[in-house]
Amino acid sequence: MSDGGSPAERQMSYCTNPNCQNPQNLDRATVCKSCESNLLLKGRYRVFHTLGQSLTCRTFLAVDEDQPSQPRCVIQQFCGSAAADGQNQLNRTFLGSASVLDELGKHPQIPKLLASFELEGCQYLVQEYIEGRNLADRLSEKGVLKEIHIWYLLSELLPVLQFVHENQLIHRDIKPSNIIHRKSPQASPALAGKEHLHSLSGEGGSGLVLVDFGAAIPANSGPLKTETVIGSAEYAAPEQIKGQAIKSSDIYSLGVTCVHLLTGMSPFDLFDIKADSWAWRHYLKVPVSARLGRILDKMVQREPSKRYRSTEAILKDMKYGPAPVDVILSKPKWTLAMWGGATVALLSVVLGSRLPSPVPQAFTSSEPASSIPEIRFNPPPMQNFRGEASQSGPAVRTLADQDKNPVWAVAVAPNGRVIVSGNNDGTVHLLHKRRGKLLKVLTGHLGPVWSVAVSPDGRTIASGGVDGTIKLWNFYSGRLIQTLDGHQDGVFSVVFSPDSQTVASVGKDKTLKLWQVESGAELETLKRVFDEVQSVAFSPDRQTLAIGSSDGKINLWNWQTGELKETLWGHSEGVWSLAISPDGQTLASGSWDKTVKLWDISPNNQSGQPNGYLLRTLIGHSDKVKSLAFSPDGDKLASADLSGTIKLWRMGSGEMTGTLKGHSTWVELAFNPQDKTLISGSFDDTIKVWRLSP
């Protein structure tokens, strides 16, 4: 809550008498020079100036002079008359319920109630002062919010609203000016500052605070016989305007708040009276995903029976994130890039004429899918993961977390004992590979974690996500080392150099960045990147960096000099996965054209062909290829697609040697560097450990 006003104004004492003609007084005055009212409420609260005003309530910034530190506080004053048609009686009932107000103040995202009293015919609430900026001011200063901001807003405020409703209260005045982004030295401002998202560290508490409960009423109060609109008419539900507010009236107001923040338009202008429907999509600068659109549409239904009846129902619809696979696959490029971590390059260009001769071989197979029994278990409590005896187990085990959580990315520690996953709820999980124990949960990202990597020396975890940041974590303690903030949009992929000293990251902002691990310094941003970059891989010799982009091409860079060595053409759609064999001789690329291609990238190949010669195309997937991984010995290549199918290929011949079925939707892969197991994490909430035959 911004205190507003100039420094001079903040030094003035303000008279709270509603009838005072000249309320401004000297800073230390005790009696109003105009009306002779006492300027210290209850002998302790000195008011500086107004923060807001409605027909029935005025809100002031004040200090409590009874305390040595003289902390700031917010005071709400209710001085309605009989013309308010019963509102005064309602306020007295509410103010008298101290236990309810105290209960609300226990929530970290609701201001604490410090005092309530009646004085000279007016009633007062004294509440905690929240330092920060409200979303109305943020909208005015920075412009409209992005879709990811709205997902964050809903995820932050719906649990708060659920808490309010569980305490049998209806807020009745949810609007941008009553939502404050808390200023905290421990948290980066997610809705302030740069146009792209920053993440909250989690150490400073939740970022958004719901304020101003002056209009709140008990949920069981029944219809109010009043012609006075309580709350802001722009955001108030139709039944609330008629004096019949219900819990879902708050849901309506929150939904209208969201569409206002997305468009910057007054809610009055967003509703088409002639068509009797909302037209907010017409005013969007950037379209939103179909899932968010459906949720907002249902929140702002004017007929309560068609609206969400509870916050739990909205949270349930949000549970699996902003874009499940079925939505992603049916949406255009902007939706895919924002939420799927995958953008389809809608190019139907046939590039075969650019390929060198001879024509590469294409391998396919009708080999049947393997039928492998499955064991599912929930992880036991966290324990130390050092020390593990080798033990044979089932052909596949499913590691299930206690809460459903779609998996975007997986990696395996060099010791082979720990699986690292990037999850849809913004967390990074560390799991014991054999027993499935949940060892650590790393929190800090704001939105899905799209990529994770473990440094070759096993000391550091890197994670990149939709919030545009890369975070470096201490592998052993789980402590956040630092946040690398340079991308202007979501980070699709992160990878360590073989010496563990450098991190490469690529993202939706069409950039490839190199970072120094020890200092976190941005070393370089490689130029000539013209499309969204989805995948990146270091060669073992530390000389080459390969990147794949949504236009179907692969660039090979000398990352130490910034020189573009080769551009490989062959895929007709976006390249979403890259892997380089352990010997550094072969590059594998997986594309949304449903193929896997193998390229010779050895510096001194014996074929006489140029570096980047296409060896062969592997055909067998019936869906878009999302992930690739080489086995530690380089003999096998695993590929996975958006349907959840995993295929195994023999590198020497290109023959398909197996198909693994078990996931229901897209899959990310990582081989265990210490044994013959393959790790797969999926958007179906599971991580599977596959024991492959030699």
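**Helix 4, two side chains and some empty space**

Author: Let's open at the start of helix 4, where a side-chain oxygen of asparagine 134 reaches to within 3.0 Å of the backbone nitrogen of alanine 136. Keep in mind that this is a predicted model.

Reader: What makes that approach of asparagine 134 to alanine 136 a polar contact?

Author: The cut-off for an N or O pair is 3.5 Å. The asparagine 134 oxygen lies within 3.0 Å of the alanine 136 nitrogen, so the pair passes.

Reader: Moving along helix 4, how do you know that its buried residues line one face?

Author: Start with who they are: in residues 135-142, Leu135, Arg138 and Leu139 are buried. Looking down the helix axis, these residues fall within an arc of 100 degrees, so they share one face. On the other side of helix 4 you'll find Ser140 and Glu141, which are exposed.

Reader: And which elements do the buried residues of helix 4 pack against?

Author: Their partners are strand 9 (132-134), helix 5 (147-166), strand 11 (179-182) and helix 7 (247-263). Just after helix 4 comes glycine 143, with a positive phi of about 90 degrees.

Reader: Let's jump to threonine 595. Why is threonine 595 called buried?

Author: Buried means under 20% relative accessible area. Threonine 595 comes in at 12%, so it counts as buried. This residue lies in strand 37 (residues 595-600).

Reader: Which residues is threonine 595 in contact with, leaving aside its neighbours within four places in sequence?

Author: The list is His571, Ser589, Gly590, Thr617, Leu618, Ile619 and Val625. The threonine 595 side chain also makes a polar contact, 2.7 Å, with the side chain of aspartate 593.

Reader: Why is serine 497 called buried?

Author: Its relative accessible area is 0%, and the limit is 20%, so the label fits. Serine 497 sits in the loop between strand 27 and strand 28 (502-507). Beyond four places away in sequence, serine 497 touches Pro456, Thr502 and Phe538.

Reader: What makes the pair of serine 497 and aspartate 499 a polar contact?

Author: The side chains are joined at 2.5 Å, which is within the 3.5 Å limit, so the pair counts.

Reader: On to empty space. How do you know where it is left?

Author: You roll a probe the size of a water molecule over the atoms, and that shows where space is left. Here, the largest pocket has a volume of about 1400 Å³. Its lining counts 50 residues, and the closest to the centre are Val495, Leu578, Ala579, Leu628 and Ala670. Among the elements giving two or more residues to that lining are strand 27 (491-496) and strand 35 (575-580).

Reader: What is the make-up of the largest pocket's lining by class?

Author: There are 34 nonpolar, 14 polar and 2 charged residues.

Reader: How many cavities of 30 Å³ or more does the structure hold?

Author: It holds 6. The second largest cavity has about 70 Å³ of space.

Reader: Which element supplies the largest share of the lining of the second largest cavity?

Author: That's helix 3, with 3 residues. Helix 3 (98-105) and strand 8 (122-128) each supply at least two. By class, the lining of this cavity has 7 nonpolar, 2 polar and 1 charged residues.

Conventions: Residues numbered from 1 in each chain as written. Predicted model: local features only at pLDDT ≥ 70, side-chain atom pairs only at ≥ 80, totals over all residues. Heavy atoms only, no water. 1 Å grid on protein atoms, 1.4 Å probe; cavity = no way out; pocket = protein on both sides within 12 Å on 5 of 7 lines; lining within 4 Å. Points joined across faces, edges and corners; volume = space filled by probe spheres on them. Helix = DSSP H or I, 4+ residues; strand = E, 2+ residues; numbered from the N terminus. Nonpolar A, V, L, I, M, F, W, Y, C, P; charged D, E, K, R; others polar. Buried < 20%, exposed > 50% of the residue type's maximum accessible area, 1.4 Å probe, protein only. Arc of directions from axis to C-beta. Contact = heavy atoms within 4.5 Å. Polar contact = N/O pair within 3.5 Å; in protein donor to acceptor, adjacent residues only side chain to side chain.
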